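Colleague: I have a structure open and would like to go through its side-chain contacts and its strands. Where should we start?

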Amino acid sequence: MTLIQISDCHLLESPARSGYGDINPLQSLEAVLKTVVSLDVDGVLVTGDISGDDSEQSYQHFIQAINQHLPDVPVKVIAGNHDNNRYFDSLLSPWLLTPDNCWQLGEWCIHGLDTRSTGTLGKIDAIQLEQVSAQMQKHANKQHLLAIHHHPVATQSWMDKHALHGVPELERWPTQNPVQAVVHGHIHAEHQTKLVNTPVLGVPSTCWQWALTQAFGLDDTAPGFRVFDLSTSTLHTEIRRVA
């Protein structure tokens with residue numbers, strides 16, 4: 001089983017408009033999806049910030065791009081801080097990964113949390129963690145991944161002011177609910193660390209990349225995505241980038 005994680009598309013109302021680094025986010029997303037098409041994909045996980053301007057059209061662009069390039073591939077989404085609007089909840093509800101209903105892919109279960117809070121900040125909701133725990137107990141014979149938008153471990157960069165609140169509760173949770181990894185978006189960068197003993201994996205954006213430095217900055221690496229090989233009980237993953 002092959003799972004693809006993409007994140008932080010930041011699509012805009014106008015398909016012709018560019019953003020940071022003079023990158024057009026829709027064109028960049030389509031370049032990523034064209035690369036994904038070349039793989040034998042069983043599912044696509046989107047870890048938030050699909051929109052960059054809260055517009056209805058930004059989500060329509062996303063849906064059209066997925067249907068065009070990956071019409072037969074299952075897709076699940078969780079919200080990012082830029083998806084704190086009614087359009088995300090209404091237009092993407094068929095694809096929403098909720099904590100009370102895990103996504104089963106072979107011998108794996110993918111779980112999602114909604115970490116939306118105020119502004120760019122995130123929060124861990126204790127009720128959602130309990131719902132994921134119940135799902136893990138229900139599927140105790142499977143391996144588990146937890147998907148969130150905000151990064152749970154500080155990057156020692158300017159991105160840490162857009163933080164996730166409630167991390168201590170999340171730190172305690174894996175001791176009784178072992179997951180193979182926590183995967184996230186938000187930081188627009190490849191990143192790997194640990195939350196106590198649990199691997200934490202960040203993914204590049206499908207558009208512009210952030211430099212994880214003390215001052216705000218862009219990184220000139222290409223847009224990318226993460227590939228998970230879920231064919232065994234051991235987690236294998238790598239980052240791919242567009243040419």
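Modeller: Start with a definition: a salt bridge is a side-chain nitrogen of Lys or Arg within 4 Å of a carboxyl oxygen of Asp or Glu. Keep in mind that this is a predicted model.

Colleague: Which residue meets Glu 238 in a salt bridge?

Modeller: The N to O distance of this pair is 3.0 Å, and the limit is 4 Å. Glu 238 is partly exposed, at 38% relative accessibility. The partner, at 31%, is partly exposed as well. The residue is Arg 240.

Colleague: What is the bridge partner of Val 227 in β15?

Modeller: Strand β14, residues 224–229, is joined to β15 by six bridges. The two strands run antiparallel. In β15, Val 227 has as its bridge partner Glu 238.

Colleague: Which strands stand at the edges of the open sheet of five strands?

Modeller: The order in this sheet is β3-β2-β1-β14-β15, and the pairing is mixed. An edge strand has a single partner strand, so one of its sides is left without a neighbour in the sheet. That applies to β3 (75–78) and β15 (236–241).

Colleague: Which residues are linked with Arg 116 in a network of salt bridges?

Modeller: Arg 116 meets Asp 89 with 3.2 Å from N to O. Arg 116 lies in the loop between β5 and β6 while Asp 89 lies in helix α3, so this pair ties together parts 27 residues apart in sequence. A salt bridge also joins Arg 116 to Asp 114, with the closest N and O atoms 2.8 Å apart. The network therefore links Arg 116 with Asp 89 and Asp 114.

Colleague: Is Arg 116 buried or exposed?

Modeller: Buried means under 20% relative accessible area. The value for Arg 116 is 14%, so Arg 116 is buried.

Colleague: Are the rings of Tyr 20 and Trp 208 stacked or edge-to-face?

Modeller: Planes over 60 degrees apart count as edge-to-face. The ring centres of Tyr 20 and Trp 208 are 5.5 Å apart and the planes stand at 70°. The pair is therefore edge-to-face.

Colleague: Which residues form a nonpolar patch on the surface with Tyr 20?

Modeller: Tyr 20 is partly exposed at 42% relative accessibility, whereas Trp 208, at 5%, is buried. One patch member lies in strand β13 and is partly exposed at 40%. Together the patch has about 300 Å² of accessible area. Along with Tyr 20, the patch holds Phe 216 and Leu 218.

Notes:
Residues are numbered from 1 along each chain as its sequence is written. This is a predicted model: local features need pLDDT of at least 70, side-chain atom pairs count only at pLDDT 80 or more; totals for chains, interfaces and linings use all residues. Side-chain values use heavy atoms; hydrogens and water are left out. Rings of Phe, Tyr and Trp (its six-membered ring) pair if their centres lie within 6.5 Å; planes under 30 degrees apart count as stacked, over 60 as edge-to-face and the rest as tilted. Buried means under 20% relative accessible area, exposed over 50%, partly exposed in between (1.4 Å probe, protein chains only). Patches are made of residues with over 30% relative accessible area and no salt bridge: like charges are joined within 9 Å, nonpolar side chains (Val, Leu, Ile, Met, Phe, Trp, Tyr) within 5 Å. Accessible areas come from the Shrake-Rupley method with a 1.4 Å probe; for residues, only the protein chains shown count as cover. Helices (H or I, at least four residues) and strands (E, at least two) are DSSP runs, numbered from the N terminus. Two strands pair if DSSP finds at least two bridges between them.
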